[in-house]
Amino acid sequence: MPLAINSDFEEVLEPFGRESANFFLAAALYHAHKLSFAAAASLADLSFEDFAARLREHFGTGFRLDEQVVEEDIHTVDALAHP
């Protein structure tokens, strides 16, 4: 079932662009420690650099470092480097 966004948000999100709901949902999950940075960037359909830039633009910081996230990202990089 597709995610439905409350129509009241349409006006608020419009200035941020067509795919802004995806970005803000991914960013919220990332900041809530539910997704790694790489997973959130992928869900937002943004490159690593673009996701970091948008996080800095809207939240004042691009990365959140904690042990679990670092380990997840190391495993992601390892999986990509050694398919």
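How many helices and strands does the secondary structure of the protein contain? The legends below begin with this point and then turn to closer views of a predicted model.

**Figure 1. Overall view of the predicted model.** The secondary structure consists of 5 helices and 0 strands, and along the sequence these elements follow the pattern α-α-α-α-α. Taken along the principal axes, the C-alpha atoms fill a box of roughly 45 × 30 × 20 Å. The protein has 83 residues, of which 24% count as buried. Its accessible surface comes to about 6,100 Å², and carbon and sulfur atoms account for 59% of that area. Among contacts with a separation of 6 or more, 49% join residues that are 24 or more positions apart in the sequence. The side chains include 5 positive and 15 negative ones, and the centres of these two sets lie 2 Å apart.

**Figure 2. The largest nonpolar core.** This core is made up of 12 residues: Phe23, Ala26, Ala27, Tyr30, Leu35, Phe37, Ala40, Ala41, Ala44, Phe51, Ala52 and Leu55. Helices α2, α3 and α4 (48-59) are the elements that each give two or more residues to the core. The largest share, 4 residues, comes from α2. In soluble globular proteins, nonpolar side chains tend to be buried together.

**Figure 3. Surroundings of alanine 40, a member of the largest nonpolar core.** Leaving aside residues up to four places away in sequence, alanine 40 touches Ala26, Tyr30, Leu35 and Phe51. These four partners also belong to the largest nonpolar core.

**Figure 4. Serine 36 in the loop between α2 (20-31) and α3 (37-43).** Is this serine 36 buried or exposed? Serine 36 counts as buried because its relative accessibility is 7%, which falls under the 20% cut-off. A polar atom of the serine 36 side chain lies 3.1 Å from the backbone nitrogen of alanine 39. When residues up to four places away in sequence are not counted, serine 36 touches Tyr30, Glu72 and Asp73. Of these partners, Tyr30 is one of the residues of the largest nonpolar core.

**Figure 5. Serine 20 in helix α2.** Serine 20 has a relative accessible area of 1% and is therefore buried, since buried means under 20%. Which backbone atom does the side chain of serine 20 reach? The side chain reaches the backbone oxygen of leucine 13, at 3.3 Å. Leu13 also appears among the residues that serine 20 touches, together with Arg54, when residues up to four places away in sequence are not counted.

Note on methods: Residues numbered from 1 in each chain as written. Predicted model: local features only at pLDDT ≥ 70, side-chain atom pairs only at ≥ 80, totals over all residues. Heavy atoms only, no water. Buried < 20%, exposed > 50% of the residue type's maximum accessible area, 1.4 Å probe, protein only. Polar contact = N/O pair within 3.5 Å; in protein donor to acceptor, adjacent residues only side chain to side chain. Contact = heavy atoms within 4.5 Å. Areas by Shrake-Rupley, 256 points an atom, 1.4 Å probe, with all protein chains shown as cover. Lys, Arg positive; Asp, Glu negative; His and termini not counted. Charge placed at Lys NZ, Arg CZ, Asp CG, Glu CD. Core = buried A, V, L, I, M, F, W, Y, C linked by side-chain atoms within 4.5 Å.
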